[in-house]
Amino acid sequence: YMESIPGEVGYVLYGVYVKQLPGTYTAKVLLDTQGELFSKSGQSIKPTSTLIVHVEVWDVDRNVLLHQEILKDSQIRQEILLPYRLSPKDYVAFNETPERFGAKIQAVRPLEIGNSIEVRVWTNGKGTVRVYGVEMK
């Protein structure tokens, strides 16, 4: 699993994406969070600030946020469902042969079909966040 600890602000998970054609999908993220509950001496204390976690689905090719859930101070393992839709007008095709100096050249990358869809999990660093898995259907 991926984990952030108190004090680490930023993305716990990002960068892995799947190619998807127009359609309706759901991303499922299994995670747990825990606000800062212990002092340096190990004594249990009330959290001094709120742990905030953003669970997001992004269309990387268009730099568009498709769905976001914001969690605050949850203390349990949970499954977050993020439904989203890609319409045909959202489709980004990378199947054109590039031109340089007026001449067509061989494409340097294989044909990519579909938009690059990515799940991201962000934390404000006010606790621990563990991401156990992501599924996209």
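Is Tyr1 buried or exposed? Tyr1 is exposed, with a relative accessible area of 61%; here buried means under 20% relative accessible area, exposed over 50%, and partly exposed in between, using a 1.4 Å probe and protein chains only. The model is predicted, so local features need pLDDT of at least 70 and side-chain atom pairs count only at pLDDT 80 or more, while totals for chains, interfaces and linings use all residues. Residues are numbered from 1 along each chain as its sequence is written, and side-chain values use heavy atoms, with hydrogens and water left out.

**View A. Tyr1 meets Tyr132 in a tilted aromatic pair.** Rings of Phe, Tyr and Trp (its six-membered ring) pair if their centres lie within 6.5 Å; planes under 30 degrees apart count as stacked, over 60 as edge-to-face and the rest as tilted. By this rule there are three aromatic pairs. In the one between Tyr1 and Tyr132, the ring centres are 5.2 Å apart and the planes stand at 50°, so the pair is tilted. Tyr1 belongs to the segment before β1 (2-4) and Tyr132 to strand β11 (residues 127-136), so this pair ties together parts 131 residues apart in sequence. Helices (H or I, at least four residues) and strands (E, at least two) are DSSP runs, numbered from the N terminus. Tyr132 is partly exposed, at 28% relative accessibility.

**View B. Tyr25 and Tyr84 form a stacked pair.** Their ring centres are 5.7 Å apart, with 25° between the planes. Tyr25 sits in strand β4 (residues 23-35) and Tyr84 in strand β7 (residues 77-86), so to speak distant parts of the chain, 59 residues apart. Both tyrosines, Tyr25 and Tyr84, are buried.

**View C. Two arginines lie over tyrosine rings.** A charge sits over a ring if NZ of Lys or CZ of Arg is within 6 Å of the ring centre and within 35 degrees of the ring normal. Arg77 is found over the face of Tyr132, 3.7 Å from the ring centre. Over the ring of Tyr11 sits the charged end of Arg120, at 6.0 Å from the centre.

**View D. Four strands make an open sheet.** Two strands pair if DSSP finds at least two bridges between them. The order is β1-β11-β4-β7, with antiparallel pairing. At the edges are β1 and β7, each pairing on one side only. From one strand to the next, the twist averages 25°; axes are lines fitted to C-alpha atoms, for helices over the stretch in contact, and angles run from 0 to 180 degrees between N-to-C directions. Between β4 and β7 there are 10 bridges, and Gly23 stands opposite Leu86 in β7.

**View E. Leu86 is a buried residue of strand β7.** Its relative accessible area is 2%. Contact means heavy atoms within 4.5 Å. Not counting residues up to four places away in sequence, Leu86 touches ten-odd partners, among them Gly23, Tyr25, Leu66 and Asn115. Correction to View E: please disregard "ten-odd", and simply read that Leu86 touches residues including Gly23, Tyr25, Leu66 and Asn115. Likewise in View B, disregard "so to speak": the pair links distant parts of the chain.

**View F. Asn115 is buried in strand β10 (residues 115-123).** The relative accessible area of Asn115 is 1%.
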